[in-house]
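Work through the exercises below with the sequence and the structure in view. Try each task before reading its solution.

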Amino acid sequence: MRRTPKATKPSQIAPLCIALSSLAGALHAHAEAPMHTDDAGTLTQGAMKLEGVFGRDDKTRGAELLFGAGVAPQLEMEVSLARAKDTAMGASTTFHGHGWGVKWVPIQNETGWSVGARFDMGHTRVRDHATPQRFTARETALTALASYRLANAQVLHLNAGHKTVRAQGARHRAATCAVGYEIPLTEQLQLTSEVYGEQRSRPDKAVGLRYAITDGLKASAAVGRGNGRTFSQVGMAWEF
C-alpha cells in the first residue's frame, strides 16, 4: 500500500520558504555573470545573448541556461532554465526551475547615471527523493536599478527591490538590496566585487573575474561567502 505523504509542519514552512527564496534568487538572477547585482543597461534592439553558468552554493550544485534579447529600444527580455541538487535538505532533493524577466532602462548614459527597473517571475519544482513529497515554489521580484559609470570605465551598480516566494500555501516576503563594483584590470579583464542580501538575513559577499575571449564571447568566475556558507560559480556568455 502506498504511504500518504507526510505533511509539512507549520513550523517548517517559514525556513523552507527562506531556503527556496535563496535558491530561486541564485537560479533566476539575470545579472551579467559573475555578478548577482544587475546593471542599469540593456542589449541594443535586435541583439541577443546566451549564457551558461555552473554553480555551487554550500551543499547545492546546479546549472542555469539563459537567453536574452533586446526586443525594443531600452527594453530587454530574458528566459532561463535551471536545475540543482541539494543533499543538505534530504537524501537527494532536486530543483527544476524556469524563469522570465523583463528589464526597462529609459535613462542610459555612457558616463554618469543610468536608471531603470526589472520584473522577474520564476517557478521551481521541488522533489525530495527520500519521500513522496513534491511541490512548486513561485517567486516574483521587482527591482530598481541604477549604475554610475566613470570615465575610467569603472562602474558602480545599485539594486533595491522586493521579492515574494510562495510554497505549500505559505508566503515569504523580503526587501532586497545589492551593491556591486566593476574595475577594469586590462582591456579584456574585469574585476567584480559585490555585497547583496535580503531582509532578515546577513549579506553575501563575492568577488569575481570576467574575461573577454573575443568580441561578444566572455568567460567568468566568482567566489563568495555569507550566512555561514561558501559559494562559487563559473560561466560563459555570448552576445550576438
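A residue counts as buried when its relative accessible area is under 20%, and as exposed when that area is over 50%; values in between count as partly exposed. The model used here is a predicted one.

**Exercise 1.** Find where glutamate 139 and lysine 163 lie, and state whether each is buried or exposed.

Solution.
- Step 1. A salt bridge joins the side chains of glutamate 139 and lysine 163, at 3.4 Å from N to O.
- Step 2. Glutamate 139 belongs to strand β6 and lysine 163 to strand β7 (residues 155-167), with the two positions 24 residues apart in sequence.
- Step 3. Both glutamate 139 and lysine 163 are buried.

**Exercise 2.** Classify the ring pair of tryptophan 100 and phenylalanine 119.

Solution.
- Step 1. The structure contains 3 aromatic pairs.
- Step 2. In the pair of tryptophan 100 and phenylalanine 119, the ring centres are 6.4 Å apart and the planes stand at 70°. Planes over 60 degrees apart count as edge-to-face, so this pair of tryptophan 100 and phenylalanine 119 is edge-to-face.
- Step 3. Tryptophan 100 is in strand β4 (residues 93-107) and phenylalanine 119 in strand β5 (residues 112-128), so the pair ties together parts 19 residues apart in sequence.
- Step 4. Tryptophan 100 has a relative accessible area of 32% and is partly exposed. Phenylalanine 119, at 31%, is also partly exposed.

**Exercise 3.** Describe the salt bridges of aspartate 38 and aspartate 39.

Solution.
- Step 1. Side chains of opposite charge can pair when their charged atoms come close. The structure holds 16 salt bridges.
- Step 2. Aspartate 38 pairs with arginine 118, and their closest N and O atoms are 2.7 Å apart. Arginine 118 is in strand β5, while aspartate 38 is in the loop between α1 (10-28) and β1 (48-57), 80 residues away along the chain.
- Step 3. Arginine 118 is buried at 5% relative accessibility, and aspartate 38 is buried at 4%.
- Step 4. Aspartate 39 forms a salt bridge with arginine 149 (3.8 Å, N to O). Aspartate 39 and arginine 149 are both buried.

**Exercise 4.** Locate leucine 145 and list some of the residues it touches.

Solution.
- Step 1. Leucine 145 sits in strand β6 (residues 134-149).
- Step 2. With a relative accessible area of 2%, leucine 145 is buried.
- Step 3. The residues touched by leucine 145 include Asp38, Asp39, Ala40 and Arg118.
- Step 4. Alanine 40 is 105 residues from leucine 145 along the chain, yet their C-alpha atoms are separated by 5.3 Å.

Methods. Residues are numbered from 1 along each chain as its sequence is written. Side-chain values use heavy atoms; hydrogens and water are left out. Rings of Phe, Tyr and Trp (its six-membered ring) pair if their centres lie within 6.5 Å; planes under 30 degrees apart count as stacked, over 60 as edge-to-face and the rest as tilted. Helices (H or I, at least four residues) and strands (E, at least two) are DSSP runs, numbered from the N terminus. Buried means under 20% relative accessible area, exposed over 50%, partly exposed in between (1.4 Å probe, protein chains only). Contact means heavy atoms within 4.5 Å. A salt bridge is a side-chain nitrogen of Lys or Arg within 4 Å of a carboxyl oxygen of Asp or Glu.
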